[in-house]
Amino acid sequence: MELSHEFLVEDREFTSYDDFSQNCKLKTPENFNFAYDIVDRYAREDSNKRALVWIDDNSEDALTFTFADISRESKRAAYWLVQKGIKKGDTVMLILRRRYEWWILMPALHRIGAIVIPATDQLLQADIEYRTNAADVKMIISYDNPHIQEEIEKAMPKSPSVQFLVTVGNEKREGWISFHDEYSKLDPEFPRPVGDAATHNTDPMLLYFTSGTSGYPKMVLQDFVYPIGHIMTAKYWHGVVDDGLHLSIAETGWAKATWGKLYGQWICGTAQFVYDMNMLKPDKMLQMIAKFGLTTFCAPPTVYRFLVRQDLSKYDLSKCVRFSTAGEALNGEVFDKWLEKTGKKIYEGYGQTESTIICGNFKEYSQIRPGSMGKPNPLYKVEVLNPNGKPVPAGEVGELCIHVEDGRPLGLLMGYHKDVSLTAEAFDGGVYHTGDNVYMDEDGYVWFVGRKDDIIKSSGYRISPFEVESVLQKHPAVLECAVTGVEDAKRGMAVKATIVLSADYAERDTKELEVEISTFAKENTSMYKCPRIYEFVKELPKTISGKIRRVEIREKDKGKDADKIKQDF
């Protein structure tokens with residue numbers, strides 16, 4: 001049988017990176033829709049082909065879904081959604097952590113042409129209010145976790161666009177529609193829409209909220225051909241194999257889920273392994289890789305730092321042909337130890353919520369240089385530019401940019417939803433500005449230097465200083481504050497808050513205040529955003545115009561790890 005990705009890309013191996021870069025091309029069918037053209041195609045051509053293997057910490061045995069199962073259930077779910085009034089262009093928020101229903105509801109919403117907003121279960125009331133109003137959310141579908149559902153309910157008085165709250169799981173909740181009670185009674189039929197209801201390549205399909213540094217989260221809009229771009233992510237970077245079993249460690253509220261848990265992997269015919277864990281336990285994760293015979297695996301460097309400390313000789317990792325990583329720079333020591341203990345390399349990659357993979361160590365087309373993000377994705381014409389938009393010489397630091405003069409390449413965002421000025425800024429000068437500073441060596445390898453702005457990457461999360469500062473400044477003790485990232489051996493970066501106290505609190509014991517403010521932060525924002533280090537100062541460094549110079553704080557802390565900074569304070 002022709003593999004389902006062969007009508008999108010020629011199934012061939014390349015002899016070198018140059019061959020790959022010059023000759024790898026993707027095809028864009030007219031009116032491509034992932035649900036009909038991938039899920040249903042596999043269901044027709046090989047009904048027993050495995051699509052999903054799911055297990056959680058409370059299950060003895062895994063659930064296995066074929067593509068025929070996903071096709072049938074996503075049609076049933078689409079029929080149910082339409083009955084509720086969801087139509088093309090409506091926005092639906094999914095807060096499902098790693099529940100298997102996410103893999104049913106995503107294609108169901110694609111069938112209708114609705115815009116999906118995946119969201120994390122770490123959101124609090126204010127986060128939800130902002131998202132529902134910014135994106136005119138019509139329906140929220142959440143798994144049956146009391147904490148997140150309480151936060152959703154608290155947000156409803158200020159969320160006028162939301163018409164339906166839907167709960168997924170065994171626990172019923174007053175005022176909520178039970179997804180399983182209703183959808184399971186319907187026929188699994190949903191013909192492909194035609195006419196005005198049909199989807200087109202340039203229609204919006206997916207909307208992600210991603211943290212920035214100068215305001216609330218940006219709304220990244222992706223179109224219906226975005227999944228095709230992830231062939232480069234899955235086939236050439238993750239190295240997935242047909243009929244294999246792939247795991248990317250990510251919660252479905254983050255863009256890494258569509259990077260590594262859905263589109264490219266299914267297009268290339270590999271099944272998804274989903275471990276809905278309550279928390280990361282390195283021993284248990286390694287047991288899962290060995291027990292289920294995973295063939296490919298991707299995790300942020302933070303996870304590898306935990307895994308490599310285990311006695312890896314206890315686990316049979318022989319079936320795993322490819323280990324990959326993204327989210328932050330991989331420490332060379334971790335790469336070397338992993339290679340020493342397993343005999344396998346870790347392949348780095350780099351991209352954004354706004355894109356598919358931008359740079360990576362693709363297949364074996366070039367040698368890995370530990371610490372480098374690899375070489376550019378052939379779909380993207382990548383260049384390192386100075387502030388004047390001019391290319392910089394090899395070895396010189398500049399901003400990583402993608403040329404768009406000849407059109408927007410597959411996988412790159414349509415724009416920022418409802419923000420014309422931000423979109424224009426991002427695409428200024430005929431290029432897309434990543435906002436990341438890098439340098440490219442003489443052999444074409446790209447090396448990450450740091451954010452052009454102040455974004456913090458901690459344990460794979462992108463954290464906006466603005467959001468954290470907004471929370472801290474609600475505490476009466478905080479007159480001013482600046483949030484920055486500091487080096488941390490476990491997390492890559494740890495969140496630090498530098499605080500100027502208000503007059504009424506200036507004489508208070510700072511250790512007591514640290515506990516009080518830390519507790520306040522944990523009660524008012526997601527745990528991953530909470531500062532782990534607090535410094536109290538008389539004043540913050542500022543520009544002449546009064547803007548806080550976070551860069552000066554970062555420079556002061558440069559070279560010190562989080563534990564050392566904690567001791568200093």
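## An enclosed helix

Helix α9, which spans residues 231-238, is largely enclosed by the rest of the structure, because eight of its eight residues are buried. Those buried residues are Ile 231, Met 232, Thr 233, Ala 234, Lys 235, Tyr 236, Trp 237 and His 238. Right after α9 comes Gly 239, and its phi is positive, near 70°.

Please keep in mind as you explore that this is a predicted model.

## The protein as a whole

Let us step back from that helix. The protein contains 19 helices and 26 strands. Its C-alpha atoms fill a box of roughly 70 × 60 × 55 Å along the principal axes. How does the radius of gyration of the protein compare with that of a compact globule? For 569 residues, such a globule would have a radius of gyration near 25 Å, and the protein has 23 Å, which agrees.

Contacts tell us about the fold too. Among contacts with a separation of 6 or more, 70% join residues that are 24 or more positions apart. Burial is also easy to find here, since 59% of the 569 residues count as buried, the cut-off being under 20% relative accessible area.

## Surface and charge

The accessible surface of the protein comes to about 23,300 Å², and carbon and sulfur atoms account for 47% of that area. As for charge, there are 72 positive and 85 negative side chains. The centres of these two sets lie 1 Å apart.

## A sheet of nine strands

Next, follow the strands. Nine of them make an open sheet with mixed pairing, in the order β2-β1-β11-β10-β12-β13-β14-β15-β16. Which strands stand at the edges of the sheet? They are β2 (63-66) and β16 (375-376); each has a single partner strand, so one side of each is left without a neighbour in the sheet.

At the β16 end, you can look at one pairing in detail. Strand β15, residues 357-360, pairs with β16 in the antiparallel sense over two bridges. Here Gly 360 stands opposite Lys 375 of β16.

## Two residues with positive phi

Now for two loop residues with backbone angles worth a look. Most residues other than glycine have a negative phi. Asn 31 is not a glycine, yet its phi is positive, at about 55°. You will find Asn 31 in the loop between α1 (17-23) and α2 (34-45). With a relative accessible area of 26%, Asn 31 is partly exposed.

Lys 418 also has a positive phi, about 65°, although it is not a glycine. Its place is the loop between β19 (415-416) and α15 (420-426). Is Lys 418 buried or exposed? Lys 418 is exposed, because its relative accessible area is 53% and the cut-off for exposed is over 50%.

## Two loops beside β26

Our last stop is a pair of loops on either side of β26. Thr 525 sits in the loop between α17 (510-524) and β26 (533-537). Thr 525 is buried, because its relative accessible area is 6% and buried means under 20%. Which residues does Thr 525 touch, leaving aside its neighbours within four places in sequence? Thr 525 is in contact with Leu 124, Val 471 and Cys 530.

Lys 542 belongs to the loop between β26 and α18 (550-557). At 38% relative accessibility, Lys 542 counts as partly exposed. The C-alpha atom of Lys 542 is separated by 8.8 Å from that of Glu 552, and these two residues are 10 residues apart along the chain.

How values were computed: Residues are numbered from 1 along each chain as its sequence is written. This is a predicted model: local features need pLDDT of at least 70, side-chain atom pairs count only at pLDDT 80 or more; totals for chains, interfaces and linings use all residues. Side-chain values use heavy atoms; hydrogens and water are left out. Helices (H or I, at least four residues) and strands (E, at least two) are DSSP runs, numbered from the N terminus. The radius of gyration is taken over C-alpha atoms; the globule rule is 2.2 Å times the number of residues to the power 0.38. Buried means under 20% relative accessible area, exposed over 50%, partly exposed in between (1.4 Å probe, protein chains only). Contact means heavy atoms within 4.5 Å. Accessible areas come from the Shrake-Rupley method with a 1.4 Å probe; for residues, only the protein chains shown count as cover. Lys and Arg count as positive and Asp and Glu as negative; His and the chain ends are not counted. The place of a charge is taken as NZ of Lys, CZ of Arg, CG of Asp or CD of Glu. Two strands pair if DSSP finds at least two bridges between them.
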